[in-house]
Every structure is written in structure tokens, then in C-alpha cells.
Amino acid sequence: MNFKNILINTAPTTHDLVLIGGGHAQISVLKKFGMKPIPGLKISLINKNLTSSYSGMLPGYIAGTYNEEDTQINLLNLCKFANARLIVDEVTGLDIFAKEIHLKNRVPVCYDTLSINTGGEPDIKKIKGAEKYSIPIKPISNLIENFHKIKKELKKIDNVSMTIIGGGAGGVEIALSLKKFLDLENKKEKNITLVSRTDNLIKNSPNSVHKNVMSLLYKNNINVVLSDEVVEFKKNTLITKNGKRINSQFNFLVTSISAPKWLSDTKLEITENGFLKVNQYLQSSNKNIFSAGDVCSVKNFNLSKAGVYAVRQGPILYKNIRSKILKSQLVSYKPQKFFLSLIGDGQNEAVATWGPLSFRSKWAWKLKRYIDEKFIRTYNDLKFMKMESFKPHPNLISKNNLTDPALAEIKCLGCGAKTQWQSLNQGIISAKERRKLGKNDQTLKNININSDVSLIKVPNGKDIVQSVDLISSIVNDPYTLSRIAALHSMSDVLTSGAKPVSAEAIFILPSGLKDIQTRLISELISGCSYEFLRHKIHLNGGHTSEGQELQVGFCINGIRSKNFNFIKPKVGDKLILTKPIGVGIILAAHMRGVASPLDYEEALNSMLTSNHFASKVFLQNNITSITDVTGFGLARHTLNLTKPFGAKINIKDTPKINGANKYLNNGIYSSLAKSNKEEINFNKNIKNENSIIFDPQTSGGLLAAVDRKKSKKVISELKENNCYAAIIGEVIEKEEFELN
Ligand SMILES: Cc1cc2nc3c(=O)[nH]c(=O)nc-3n(C[C@H](O)[C@H](O)[C@H](O)COP(=O)(O)OP(=O)(O)OC[C@H]3O[C@@H](n4cnc5c(N)ncnc54)[C@H](O)[C@@H]3O)c2cc1C
């Protein structure tokens with residue numbers, strides 16, 4: 001990847017575009033906005049995962065031609081390219097009047113313009129027993145997970161039977177690729193059956209396609225049952241409408257898809273089958289809401305559910321979203337009359353169809369590979385560009401907004417850079433309202449923004465402990481950033497043996513119109529409140545200011561007994577670490593656009609893990625020599641903890657985030673790592689990958705010095721409390737850092 005620069009968008013935010021689903025059309029929308037941004041437009045993508053699966057390559061994955069990563073569109077990077085934030089969650093509802101999107105795991109998200117490209121979902125309730133005994137092909141991410149399990153189960157079975165339910169292109173491809181898969185697994189005894197409701201495979205295509213596909217299936221010894229359908233799934237048996245019983249251990253459901261259930265409650269116009277109705281501009285009955293792909297049905301066209309249509313809709317969707325936002329002319333979508341269909345076996349042969357022409361060949365498979373791999377590269381190999389802009393696009397500003405301070409020619413600094421009172425007040429109110437809508441119905445306690453101070457009551461016999469921390473936008477989703485900042489800020493108070501009781505927030509917000517700032521503040525308050533409520537911390541108030549980029553911090557107050565006794569570490573104590581290290585390296589790789597989504601997810605989960613439970617276990621065991629591993633890296637924080645002694649660390653025993661070593665070996669490390677190394681005078685030559693000990697951590701784990709006799713018991717208690725824990729070394733006499 002050719003990394004040139006990060007995107008800099010300095011225009012105040014004036015419009016919220018939200019995309020639901022990283023389907024085939026919206027990946028094109030994101031890429032096009034990345035290449036031609038609208039200053040002042042904030043884009044957010046909500047998707048179930050950090051990646052989106054490309055179904056065209058799924059058969060190749062099953063047949064062993066591709067690995068899992070080859071088949072995934074990296075939404076994390078694509079969003080970075082488009083300067084869009086990525087919210088990983090599942091949409092469960094939509095309030096088109098409040099312009100709010102409801103999510104499974106967090107408070108709702110607001111939009112001005114919305115676009116939906118979530119694809120369809122299998123209806124596993126339609127056939128009796130399917131929920132228990134079938135493997136739905138969608139969502140593909142679940143199928144891939146299921147596949148790992150199937151591989152394990154197959155080891156115990158000699159005589160394998162599999163059935164594929166659905167005689168469309170997807171079903172045929174899955175049947176063929178499963179045959180290749182079982183060959184690779186050396187399964188000699190195998191019985192694969194394809195069941196199709198229609199008498200012709202690949203409905204609505206010429207008879208020649210049916211013949212070619214049948215010959216390919218027979219060549220691969222796949223049994224085909226036509227004009228019949230499975231009506232019941234039982235353990236190891238399927239029952240068909242015509243009374244057939246098929247012995248089958250693994251049943252893959254590749255029948256036609258259904259519309260997502262949440263769409264039916266939105267008051268948007270939908271078809272009889274629940275798909276979203278859109279006009280020739282891909283616009284729904286609500287003109288601010290667009291849609292593309294399998295989830296919608298285009299007026300006057302009866303299109304089959306296929307990715308090729310969604311791909312072709314992408315550029316039109318982009319143009320029309322752009323034109324709607326900038327108040328210009330929309331363009332009509334006209335579906336292609338013919339498209340090249342390539343049904344492959346996942347390894348070396350395919351049936352190609354173009355209009356009335358159809359043939360089967362190895363050449364067709366090569367062509368399919370070329371097209372699919374090129375498609376994935378279009379979205380995964382991105383050249384980052386620099387975008388500088390100081391003013392929003394004029395069409396994004398309405399008359400009502402002309403006096404908004406965000407649009408002032410010269411902006412005041414100091415207290416004049418404070419967020420408008422109304423944004424702050426409204427942001428807090430809407431955070432409270434949204435929290436009530438979420439699953440967790442605890443309400444936020446009052447935050448008094450009219451008072452400049454907060455009262456902290458200190459019970460008799462207690463001391464107050466205070467700490468402050470601020471982090472910049474290491475993740476581009478404000479809700480998640482605010483959760484991480486809250487956990488990160490809490491850590492210092494936890495390591496001091498205190499119980500965190502209250503917090504004050506510091507929000508530095510990029511410039512934006514009043515309503516947009518209100519949404520941002522609401523998300524920030526919701527994010528930190530999620531953590532504060534579950535840790536029983538009261539958010540008393542805070543301060544906002546405007547700056548170039550979003551920064552979030554908290555001052556945390558804790559209380560601790562006045563006669564709290566610190567027990568110093570001694571030589572021979574074991575050093576226990578409660579989270580893996582390497583977060584800084586993963587974030588550095590992400591900034592360069594090369595982090596794998598799986599590695600990034602691991603780093604994110606680690607930052608979102610609270611140190612509360614680990615600190616509780618340590619304190620219950622009378623262990624008070626604790627620190628948290630943060631910006632100065634493992635080596636410096638270890639020496640700070642063990643002073644006046646030193647430490648010996650076993651690098652092999654030190655838990656690391658997956659992929660960190662790989663990035664270090666490619667010369668990727670955090671900008672602070674070098675000075676962290678210089679700080680501890682570490683002159684010895686060490687292997688590239690061992691320099692992870694200098695990597696700065698955000699919301700890193702706890703490190704404690706524990707009496708060697710207690711260490712095993714403490715480790716098992718930590719594990720019982722679901723804490724990641726490992727003994728990584730011990731305290732030594734000499735005040736230096738030794739690495740083994
Ligand atoms: C085995 C197989 C092979 C196929 N091969 C081809 C082929 O070669 N050519 C072809 O044209 N078609 C093919 N298809 C059909 C094709 O998969 C679909 O038509 C296509 O994926 C639809 O694209 P889409 O953009 O509408 O949605 P999708 O590709 O399904 O993408 C939707 C995205 O939205 C996300 N999402 C879904 N629900 C939510 C939610 N509630 N909240 C947040 N995010 C959500 C999903 O995680 C996903 O990332 C194949 C299908 C199968 C099963």
C-alpha cells in the first residue's frame with residue numbers, strides 16, 4: 001500500500017451522512033467520497049464487523065484457493081481512506097422522525113442523510129428444524145466461523161454426508177466447493193446432495209446453463225434432487241416435500257434471502273416480502289433515505305438478488321447521495337440487461353454465461369479469479385491522499401446556520417473556544433434520553449453544567465486520590481473513544497488502591513455546527529457513562545473546548561483509607577501483567593493503513609477491558625505494588641514499579657497482541673517507542689520484535705509485584721475473574737532492566 005498522508009479535514013462539520021451496511025454498493029460510495037470529499041460532511045459507516053465478506057470468493061475459500069483474509073473487504077482501512085468513522089454494531093431499528101438509528105449494543109446514532117445496504121438474511125424459521133440442524137450461508141462471517149468448527153468435527157467422521165438446499169448460483173457453487181474441500185480433507189467416503197425446488201437449476205436462465213451446471217455437478221459426483229424441497233430438518237436426516245429422506249450430517253441453507261425484520265417497523269414503504277421500496281434514484285419513500293443492493297427493490301424492475309446489481313448501483317448511489325446533500329440534480333439508475341455470470345467450483349472450472357450463451361471451461365474459472373481479485377484490490381489497495389479544507393461546502397450551509405459560531409471567519413480561542421452552551425446542554429439531555437432507549441435502562445445522574453465546581457464529600461477516615469488523563473483520537477468513533485478514555489483515566493486511581501467515585505470530563509471537539517456538536521457531545525457522554533455507570537462512578541461535570549482533533553480526557557477522583565499501607569516490592573517477587581502489550585504498534589500500523597482488522601479488533605478489545613477486576617484481586621490479596629502499563633511502555637513502567645530494585649523480564653512469557661511482532665519486523669512502531677527506549681538507557685542490541693517492551697500502551701494492563709509464594713494463587717484468581725494474566729518476570733537486586 002502506498003501510504004502518503006493522513007486525511008486532514010478542518011472544515012466545521014455541518015452534515016451527518018450515515019451508511020448502514022458495508023455492502024457492495026456502499027464500499028464504492030466510501031471510496032468515491034474518499035477521492036472527492038465534501039468539506040464539512042461527516043460520514044459514518046455502521047457495519048456488523050470490521051470487514052465485509054465478498055461472497056464471490058466464498059467458494060474459493062471453501063475449496064482452499066483463498067484464505068479468509070483474501071475474501072474480506074477491509075472496512076477499517078476504507079473508512080480511514082474516506083475519513084469516515086466506523087461503528088461496529090448491528091442496526092436493530094430506525095426512527096425516521098427523530099432521524100435516529102437504533103443499535104444492538106449502544107445508544108442510537110443520528111443522521112441527516114441515510115443510506116442502507118445491508119443485504120438480506122436467511123429465514124431459518126421458515127423450515128421446521130432449520131434453526132437447529134442447518135448452517136445458513138449468510139451472514140458469511142458466521143459461516144466462516146462455522147467452517148472452522150466443521151473442520152474439527154470432520155476429523156472424527158469417516159463417512160461424510162452433506163446437503164445443500166437451494167439450486168441457485170450460490171447453492172451450486174457451495175456444492176462444488178464443498179466437494180473440493182472434502183477432497184482436500186482426504187475424505188474418501190463422501191456423499192454430497194443438492195436439492196432444488198425448481199426443475200431447472202439457476203432459475204430464469206437459459207436451458208444451456210442448466211445443462212452445463214448439471215454436467216459439472218455430475219463430474220464432481222454430486223447428487224441432484226430437482227423439483228423437490230426440504231420441509232423438515234432432523235438430526236442427520238432431511239425430509240422433502242415428495243417424501244424423500246436424505247441422510248445428511250451437515251446441511252447448508254442457500255435458499256433465497258429474506259428482508260431484515262427491523263425494516264418493517266420503520267414506516268418506510270416496503271414490498272410484500274419486506275424489502276425496502278426505492279425509486280429510480282435509489283431513494284426510499286423518505287427522501288433523506290437511500291438504499292441499494294439485496295435489501296431493496298427498485299421500482300419497475302424485478303431484479304434477482306445478486307451482487308452484480310449492487311456493484312452497478314454503487315456509483316449511482318454515490319452520485320445521488322452527493323447531489324441530495326449538495327442540493328443538485330439526481331440521476332436515474334438503469335440495471336444492466338445482461339451480466340456475465342461465472343459459476344465456479346472454487347478451484348479450476350466454471351460455467352460462464354452471457355445472455356443466451358453459456359459454456360463450461362477452465363478458462364472461465366481463470367476469468368472469474370481475475371475479476372474477483374481485481375474487485376477486492378479496488379477496495380483493499382488504497383492510495384491515501386491529503387485533503388485540506390477550512391470551510392464547509394457552501395451548499396451544506398442553510399440560512400439558519402449563517403450566524404453559527406462554527407462558521408465565523410476568525411475564531412476566538414481561550415474560553416471563546418468553548419462549545420456553545422446549547423450544544424452542551426442538549427448533548428447531555430439527549431445522552432440521557434438515548435440511554436433510556438438502550439437495553440441498559442439505568443439513567444444518567446444529573447450533570448450540572450450551570451455550576452463550575454463539584455463537591456466531593458470525603459467520608460471520615462478516608463483520603464481523596466486524584467488523577468487526570470487525556471487521549472487523542474486513536475479510534476475514529478467518539479462513543480468508543482470516550483469509553484477507552486474513561487477506562488484509561490480510571491487506571492491510575494485503581495493502582496493507587498483507591499475506589500474511583502467521581503469524574504470530570506475534558507472534551508476537545510473539532511469545530512462543527514450546533515446540532516452536529518450536540519450529537520457529538522451526546523455520543524461522548526453516552527460512551528463514558530457506559531463505563532462510569534458500570535463502575536459506579538458519578539460524572540460531575542467538565543469542560544469543553546474546540547481544537548483541531550477530537551480529544552477526550554477525565555479527571556478521576558477516588559477515595560482510599562487514610563491508613564492505606566503500601567507494601568514495597570522485594571527481590572524475588574514475581575511480576576504479573578494483566579493485558580497483552582502491543583497496542584501502540586497496532587495503532588501505528590492502522591495509521592499507515594496496513595493493520596489487519598483482526599489484529600486491530602484485538603487491540604480495541606484490550607483497550608476496552610477494564611482494570612477494575614484485576615485491581616480488586618490484587619487488593620484482596622494485599623498486593624499494593626501495582627502500576628498500569630501506559631505511555632512509557634512496559635520497560636519504563638516496570639522499572640518505576642520495582643525501584644530501588646530492577647527487573648528481569650522473560651519476553652517469551654510476556655503476552656502480546658497478535659500481529660505486533662509482524663509489524664515491528666516490518667519497521668512499524670509508535671513514534672514514542674524510540675524515546676521510551678532512550679529513557680531507560682537500554683544499550684544492548686535487541687531483536688526488532690523484542691522492542692515491543694518500549695511500545696506505549698493506551699488503556700494498558702496492570703503490572704504488579706507479587707510475593708513468589710502467592711503468585712500462582714493470584715494468577716488463578718485473576719483468571720477466574722476473566723482477567724488475562726501472566727507471570728512475565730521477577731524483581732532483581734540490581735536497578736536495571738534485564739531481558740531474557
Ligand atoms: C455462495 C454465494 C456466492 C455468490 N456469488 C455471487 C456472484 O458471483 N455474483 C453475484 O452477483 N452474486 C453472488 N451471490 C449473491 C450475493 O452474495 C448477494 O447478492 C450480495 O452479497 C448482495 O450484496 P449487498 O451489497 O446487497 O449486501 P452484502 O454483500 O450482504 O453486504 C451487507 C453488509 O451489511 C452488513 N449488515 C447486515 N445487516 C446489518 C445490520 N443490521 N447492521 C449493520 N450491518 C449490517 C453485513 O455485515 C455486510 O457487511 C452469491 C451468494 C452466495 C451465497
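Which polar side-chain atom lies 3.2 Å from an oxygen atom of the ligand? In this predicted model, the atom belongs to Lys138. Ser52 does a similar job of pairing up, with a polar side-chain atom 2.8 Å from a ligand oxygen, while Lys48 offers a polar backbone atom 3.3 Å from a ligand nitrogen. These are polar contacts, meaning N or O atoms within 3.5 Å of each other. On its own the ligand exposes 1000 Å², and the protein buries 87% of that (Shrake-Rupley areas, 1.4 Å probe).

Around the ligand sit 29 residues, of which His24, Ser52, Ser55, Asp294 and Val308 come nearest; a residue counts if one of its heavy atoms lies within 4 Å. By type, the shell splits into eight nonpolar, 13 polar (Gly goes here) and eight charged residues. Domain 1 (15-119 + 259-336) and domain 2 (130-253) each put in at least three residues, with bounds taken from an automatic or database domain assignment. Strand 2 (41-47), helix 6 (169-184) and helix 8 (307-325) supply at least two apiece; these are DSSP runs, of at least four residues for helices (H or I) and at least two for strands (E), numbered from the N terminus.

As for the sheet, five strands form an open one in the order 5-2-1-9-19, paired in parallel, where pairing takes at least two DSSP bridges. Strand 5 (85-88) and strand 19 (289-291) are at the edges with a single partner each, so one side of each has no neighbour in the sheet.

Residues are numbered from 1 along each chain as its sequence is written. Local features need pLDDT of at least 70 and side-chain atom pairs 80 or more, whereas totals for chains, interfaces and linings use all residues, and side-chain values use heavy atoms, without hydrogens or water.

Methods. A polar contact is a pair of N or O atoms within 3.5 Å; within protein, one must be able to donate a hydrogen and the other to accept it, and residues adjacent in sequence count only if both atoms are side-chain atoms.
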